[in-house]
Amino acid sequence: MNKFTKGLGACMTAIFVASGAMAEPADDKLVINDEIEIVTRTAAPAHLSDAMDEVMSGWLFRGTETRAMEMDDFDNPGMIFVEKAEETWNTADGTEGKSCADCHGASSEMAGVRPVYPKYVESAGEVRTLEMSINDCRENRMGAEKWKYTGGDMVDMTALLASVSRGMPVNVAIDGPAQSTWEQGKEIYYTRFGQLELSCANCHEDNYGNMIRADHLSQGQINGFPVYRLKNSKLNAAQARFKGCVRDTRAETFNPGSPEFVALELYVGSRGNGLSVEGPSVRN
């Protein structure tokens, strides 16, 4: 480590310390539309027990007004994009003249899909994210063009698929043929990147609950993705957020859909096992 990176590291440490002492997560319960109960805190999965005792949704680390927006679909701006995706779900596309509904039925029939992604797909011989499976359907079943990995159509559709699974527990498998990819993701999670030499763990494991400038650091759970961010007034995909985080360390970042980010999503997703799917969520 040279003097420059030492100085940057010291600066970041000072920001964590000076800007804030602990700001405890909210003591609050999330029930959406007065009927969908969301588990926002639960015992850490076994593979994480050496690092933390409890896992917590990012919802608990937001302010009162932001939390309230997610409690009612009429107030959640992310639901506008869910409605757009519902129309897309029922619209034929591609050379085969098929819609998503032609093969899968109503979108509600997809409840239970989001909680297990990313997952190892035996027919493909690889771990796939929900986005990868959607594009496989589009290309090979519908004869349609693939969507951009974090583009509007894709993030809208993943929001729809998340919405029909709200309240169901995240249950990402990490054993068997998925294990090597999971191990790769774990390594990336703990690797320091960029001029600031920060890893995912430095913020979301070592410093969650602390304030960094005006932001309350969460555990970085992705059970709420896609996320409607008030900061940019749109839905955001998990891997778009990964890209932004790595870029913020002043590093050359990976691309959404890359093997590195697929592995990282598998690992980070598994850190939230037991929390409820709550996407589309609302965050700062």
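A cavity here is a set of grid points where a 1.4 Å probe fits but cannot get out. Keep that in mind for the exercises below, and remember that this is a predicted model.

**Exercise 1. How many cavities of 30 Å³ or more does the structure hold, and what lines the largest cavity?**

Step 1. Start with the count: there are 2 cavities of 30 Å³ or more.

Step 2. Take the largest cavity, which holds about 130 Å³ of space. Its lining includes Arg 114, Tyr 117, Pro 118, Leu 130 and Glu 131. Further along the chain, Thr 158, Ile 222, Phe 225, Pro 226, Ala 237, Ala 238 and Glu 265 also line this cavity.

Step 3. Sort that lining by class, and you get 8 nonpolar, 1 polar and 3 charged residues.

**Exercise 2. Work out which residues line the second largest cavity, and how they divide by class.**

Step 1. The space to fill is about 50 Å³.

Step 2. Go round the wall: Arg 114, Tyr 117, Val 170, Gln 221, Ile 222, Asn 223, Val 268, Gly 269 and Gly 272. Arg 114, Tyr 117 and Ile 222 turn up in both cavity linings.

Step 3. By class, this wall has 4 nonpolar, 4 polar and 1 charged residues.

**Exercise 3. Find the largest nonpolar core: which residues have the most contacts inside it, and which element gives the most to it?**

Step 1. The core has 30 residues, and Leu 264 and Val 268 have the most contacts inside it.

Step 2. Elements giving two or more residues to this core are α7 (179-189), α9 (238-248) and α10 (259-271). The top contributor is α10, with 6 residues.

Step 3. Now zoom in on Val 268, setting aside neighbours within four places in sequence. Val 268 then touches Tyr 189, Gly 220, Gln 221, Ile 222 and Phe 242. Val 268 also lines the second largest cavity, alongside Gln 221 and Ile 222.

Step 4. Don't stop there: a second, separate core of 21 residues includes Phe 81, Val 82, Met 154 and Leu 160.

**Exercise 4. Follow α9: which of its residues are buried, and what do they pack against?**

Step 1. Buried in α9 are Ala 238, Gln 239, Phe 242, Gly 244 and Val 246. One of these, Phe 242, is a contact of Val 268, and Ala 238 lines the largest cavity.

Step 2. The packing partners of the buried α9 residues are β10 (234-236) and α10.

Step 3. Check what comes just after the helix: Arg 250 takes a positive phi of about 65°.

**Exercise 5. Describe the largest pocket: what volume does it have, and which element gives the most to its lining?**

Step 1. This pocket holds about 1,300 Å³ of space. Of its 47 lining residues, His 204, Asp 215, Leu 217, Arg 241 and Cys 245 are the closest to the centre.

Step 2. At least two lining residues come from each of several elements, including α1 (3-18), α8 (200-204), β8 (215-216) and α10. The most come from α9, with 7 residues.

Step 3. The lining splits into 22 nonpolar, 15 polar and 10 charged residues.

**Exercise 6. Do likewise for the second largest pocket: which residues are closest to its centre?**

Step 1. Its space is about 450 Å³. Among the 24 lining residues, the closest to the centre are His 104, Met 110, Ser 133, Ile 134 and Cys 137.

Step 2. The biggest share comes from α5 (130-142), with 8 residues.

Step 3. By class, the lining has 14 nonpolar, 4 polar and 6 charged residues.

How values were computed. Residues numbered from 1 in each chain as written. Predicted model: local features only at pLDDT ≥ 70, side-chain atom pairs only at ≥ 80, totals over all residues. Heavy atoms only, no water. Core = buried A, V, L, I, M, F, W, Y, C linked by side-chain atoms within 4.5 Å. Buried < 20%, exposed > 50% of the residue type's maximum accessible area, 1.4 Å probe, protein only. Helix = DSSP H or I, 4+ residues; strand = E, 2+ residues; numbered from the N terminus. Contact = heavy atoms within 4.5 Å. 1 Å grid on protein atoms, 1.4 Å probe; cavity = no way out; pocket = protein on both sides within 12 Å on 5 of 7 lines; lining within 4 Å. Points joined across faces, edges and corners; volume = space filled by probe spheres on them. Nonpolar A, V, L, I, M, F, W, Y, C, P; charged D, E, K, R; others polar.
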